[in-house]
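Please open the model in a viewer and keep the selection tool at hand. The tour below proceeds from one selection to the next and states what is found at each stop.

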Amino acid sequence: MTEKKFVLRPALWAFALAGSLAMAASVALAASNRAAAEVAVAADAAAPSDGANSDGSKVWNFDHDRGYSKPQDWKAVAGDWRVLIDRDAPSEPNTLGLPGYGLPHTRQVKIWFSSFFTTDYLVAIPKDTTEYADFSYEAAFKAWGGAWGSYAGLVLRYTDPQSYYVLAAACPKDTLALYRMSGGQLNLIKEVPAPLERGRWYTFKVDARGGHFIAYLDGKQMFAADDGAIAKGRIGVWSQNDSRVSFDNIKLTPVASGS
């Protein structure tokens, strides 16, 4: 009997190990298929993201782009901007954002380490080169990661990487602020407290009329500010350093000057 037990035990262990490996392979295959399906859904979405509406507004929701690829209608000035899949997005499944995954480990470490010594401003703008003076500009955003905080910004009157305005939401700093970028330095124009949570979708908006700006968060007016240094320019989105942020339903509505 004793000999028989020792003969059966290795066989039982081998059977259990084979079963475990088969189960692990099945789980891995299911996960792979699920990820592939998500990419396929994002790739097959056909809604245009940059069509002009009857009121002259333009909307970008990135749902016609392929998931985890470069957006078709936007380009990165600085930063690894990608089309990210988010099932909680206001216009699912696609968003424009800065991924916290998929980057080589050495690159992730480099981005994090460089933030100790420098501040890198990450900007993406539409490929459309139209410049605007007076307009309403809004977007949904979700700040969801970053060692030094999460930052989401609406870039307005962009002329080059050294000259633009940005309406910036900071979490967990919990502020909403208007800055003017000049010579590589952000100059604060106005800042107010604004409680924000990571991983939650918000909307922010700025009305620009000449040198007068009004900022909103989730439909509530937060502040008004004045600065006439930059008269017109392009629009875009913004973040900094290793911040992880996503944008959806970006909307620009031009208005006649002086109205």
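**Strand E7 and its partners**

Select strand E8 (residues 163-171) together with E7: the two run antiparallel and are joined by 8 bridges. The model on display is a predicted one. The connection from E7 to E8 is a hairpin of 2 residues. Within this pairing, Leu154 stands opposite Leu167 of E8.

Next, add strand E14 (residues 234-240), which pairs with E7 in the antiparallel sense over 4 bridges. Here Tyr158 has Arg234 of E14 as its bridge partner. Colouring E7 (residues 150-160) by accessibility shows a mostly covered strand, with 9 of its 11 residues buried.

**The loop before E14**

Move to Asp227, which is placed in the loop between strand E13 (220-226) and E14. Is this residue buried or exposed? Its relative accessible area is 14%, and because the limit for a buried residue is under 20%, Asp227 counts as buried. Display the side chains of Asp227 and Tyr165 to find a polar contact between them at 2.5 Å.

**The nonpolar cores**

Now select Trp74, Tyr137, Leu176, Phe204 and Phe247, the residues that touch the most other members of the largest nonpolar core, a set of 41 residues. A second core, separate from that one, has 13 residues, among them Tyr151, Tyr158, Ala177 and Tyr179. Tyr158 was met above as the bridge partner of Arg234.

From Phe247, go on to Trp201 in strand E11 (residues 201-209). The C-alpha atoms of Trp201 and Phe247 are 9.0 Å apart, while 46 residues separate the two in sequence. Trp201 is buried, at 16% relative accessible area.

**The cavity**

Rolling a probe the size of a water molecule over the atoms shows where empty space is left. In this model the count comes to 1 cavity of 30 Å³ or more, and the volume of the largest cavity is about 40 Å³. To display its lining, select Trp60, Pro126, Asp128, Thr130, Tyr132, Arg234 and Ile235. By class, this lining comprises 4 nonpolar, 1 polar and 2 charged residues. Arg234, one of the lining residues, is also the E14 partner of Tyr158.

**Backbone stops**

Most residues other than glycine have a negative phi, and most peptide bonds are trans. The remaining selections concern backbone geometry and the loops in which it is found.

- Select Phe62, in the loop between strand E1 (58-60) and strand E2 (74-78). Its phi is positive, about 65°, although Phe62 is not a glycine. Phe62 is buried, with a relative accessible area of 1%.
- Select Asp218, in the loop between strand E12 (212-217) and E13. Asp218 likewise is not a glycine and has a positive phi, of about 50°. Asp218 counts as partly exposed, at 42% relative accessibility.
- Select Glu92 and Pro93, which are joined by a cis peptide bond with omega of about 10°. Pro93 is in the loop between E3 and E4.
- In that loop, between strand E3 (82-85) and strand E4 (94-97), also select Asp86. Asp86 counts as buried at 11% relative accessibility. Its C-alpha is 9.7 Å from that of Gly67, and the two residues are 19 apart in sequence.
- Finally, select Cys171 and Pro172, where a cis peptide bond has omega of about 10°. Pro172 is located in the loop between E8 and strand E9 (175-182).

How values were computed:
Residues numbered from 1 in each chain as written. Predicted model: local features only at pLDDT ≥ 70, side-chain atom pairs only at ≥ 80, totals over all residues. Heavy atoms only, no water. Core = buried A, V, L, I, M, F, W, Y, C linked by side-chain atoms within 4.5 Å. Buried < 20%, exposed > 50% of the residue type's maximum accessible area, 1.4 Å probe, protein only. 1 Å grid on protein atoms, 1.4 Å probe; cavity = no way out; pocket = protein on both sides within 12 Å on 5 of 7 lines; lining within 4 Å. Points joined across faces, edges and corners; volume = space filled by probe spheres on them. Nonpolar A, V, L, I, M, F, W, Y, C, P; charged D, E, K, R; others polar. Pairing = 2+ DSSP bridges. Polar contact = N/O pair within 3.5 Å; in protein donor to acceptor, adjacent residues only side chain to side chain.
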